Amino acid sequence: MVKRMNFTGTVSLLERDQKRAQGFKARFAKSNGQTLVKDAAASVSATNQLVDYVVNVGVGTPATTYSLLVDTGSSNTWVGAGKAFVHTSTTVQTKDRVSVTYGSGEFSGNEFTDTVTLGNGLTVTKQSIGVATSSEGFDGVDGIIGIGPVDLTEDTLSPDTSSTIPTITDNLFSQGVIPSHLVAVSFEPTTSDSSTNGELTFGATDSSKFTGSITFTSLTTTSPASEFWGINQSIRYGTSTTIQSTTAGIVDTGTTLTLIATGAFSAYTKATGAVNDRETGLLRLTTAQFANLQSLFFTIGGTTFELTANAQAWPRSLNAEIGGTAGNVYLIVNSIGTPAGEGLDFINGMTFLERFYSVFDTGNKRLGLATTPFTTATTN
């Protein structure tokens, strides 16, 4: 995380995530959008940088490797925020410019097509790649691998504003590299600022990464959550305290915190007894309060997923990384910054996904969740 952003400065982790959430809503405010291994699912490693995950992606022939942020909340793949783009024999520039605004950052540049390699036989040809001529908010990474719904790429090209850009997942499937049109994500909690403990599996699920069965739920029809990997869920604190009635929101690897609507956040704050910490922007508990903290229960697709007290805490050994004080307990649940009823009332971010296996199933228009060996871990 030290590589990604200095949160002891004026921009806090919460502010960054809230700006990202505002960007999701603002985008749809105007509308109420190598040798290939045939049919073989494969996995690639992902590195936990404390506030996001990155994977190594090769572009070109021979390939140059870029460290790209894993983002299910956007769908363009691009490079150039850090390492400069290297043109090779497979690089072809199109007539289009490309630009994306994320709320917490932005980039603009030129569109190219090229061969993209993720490793383990996961190679696609003629993949659209944005090459940034300017970018903001992406220190410590080279760009993004966008694995959200393809419609998010509409209006990102110019002059072809009405065109969409197939994602890497789309092309892996359409080119016959993987057997199913999906990507499964395994994240784990960490106690260091960089740990290669994650995995993306394209084309199938990895049964070694989850326990029990996967609960699949249909994607929400409520806009603007429906433009993303959106679902419906309700949240309860402890045995009987309703935090948030059933509403629409999204699951997003690119948001660090777990964000809920302002009314739900007030109910959570009251239930936990937490206070706002001025240094970090997060909620803070005393150690005595933390000992009494109860689980949050997320009901999704008819199944209830328990976010334990430990899972609600920022890793205490890493408090200094967010400008916090050693010994304090900071919470990863916070406010999305807007009230319920706006069509995108929560974001289950990376800190949620560190405790649950997730499946982004484009082919069946559904999202899956399952418990993992880390669901009840006490590492934080």
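Two strands are taken to pair if DSSP finds at least two bridges between them.

**Figure 1. Close-up of the open sheet formed by β16, β17 and β20 in the predicted model.** In this predicted model, 3 strands come together as an open sheet whose order is β16-β17-β20, and the pairing is antiparallel. The edge strands, each of which pairs on one side only, are β16, covering residues 275-276, and β20, covering residues 329-331. Strand β17, made up of residues 283-285, is joined to β20 over 3 bridges in the antiparallel sense, and within this pairing R284 has Y330 of β20 as its bridge partner.

**Figure 2. Close-up of strand β24 with its partners β12 and β23.** Strand β24 (residues 366-371) runs antiparallel to strand β12 (residues 211-218), to which 5 bridges join it; here S218 stands opposite R366 of β24. Strand β23 (residues 356-361) is likewise antiparallel to β24, with 6 bridges between them, and V359 has G368 in β24 as its bridge partner. A hairpin is formed by β23 and β24, with 4 residues between the two strands, and K365, which lies in the turn, has a positive phi of about 50°.

**Figure 3. Close-up of the second largest cavity and its lining.** Rolling a probe the size of a water molecule over the atoms shows where empty space is left. The second largest cavity holds about 80 Å³ of space, and its lining is made up of L50, P189, T190, A311, A313, W314, P315, I332, T351, E354, R355 and N380. By residue class, this lining divides into 7 nonpolar, 3 polar and 2 charged residues.

**Figure 4. Close-up of the aromatic pair Y102 and F138.** A search of the whole structure finds 12 aromatic pairs, and one of them, formed by Y102 and F138, is edge-to-face, with 5.5 Å from centre to centre and 80° between the planes. The pair links distant parts of the chain, 36 residues apart: Y102 belongs to the loop between β5 (92-101) and β6 (106-119), whereas F138 belongs to the loop between β7 (122-136) and β8 (143-146).

**Figure 5. Close-ups of backbone features in loops, at P62, P159 and N120.** Most residues other than glycine have a negative phi, and most peptide bonds are trans. T61 and P62 are joined by a cis peptide bond with omega of about 0°, and P62 is placed in the loop between β2 (53-59) and β3 (64-71). A cis peptide bond also joins S158 and P159, where omega is about 20°; P159 lies in the loop between β9 (157-158) and α2 (168-174). N120, although not a glycine, has a positive phi of about 55°, and N120 is found in the loop between β6 and β7.

**Figure 6. Close-up of stretches with pLDDT below 50, residues 1-10 and residues 30-38.** The chain as a whole averages a pLDDT of 93, and 94% of the residues score at least 70. Over residues 1-10, however, the pLDDT is below 50, although this stretch has 34 contacts in the model beyond near neighbours in sequence. The pLDDT is also below 50 over residues 30-38, a stretch with 18 contacts beyond near neighbours in sequence. Where pLDDT is low, the predicted coordinates should not be read in detail.

Key: Residues numbered from 1 in each chain as written. Predicted model: local features only at pLDDT ≥ 70, side-chain atom pairs only at ≥ 80, totals over all residues. Heavy atoms only, no water. pLDDT = per-residue confidence, 0-100. Contact = heavy atoms within 4.5 Å. 1 Å grid on protein atoms, 1.4 Å probe; cavity = no way out; pocket = protein on both sides within 12 Å on 5 of 7 lines; lining within 4 Å. Points joined across faces, edges and corners; volume = space filled by probe spheres on them. Nonpolar A, V, L, I, M, F, W, Y, C, P; charged D, E, K, R; others polar. Phe/Tyr/Trp six-rings, centres within 6.5 Å; stacked < 30°, edge-to-face > 60°.
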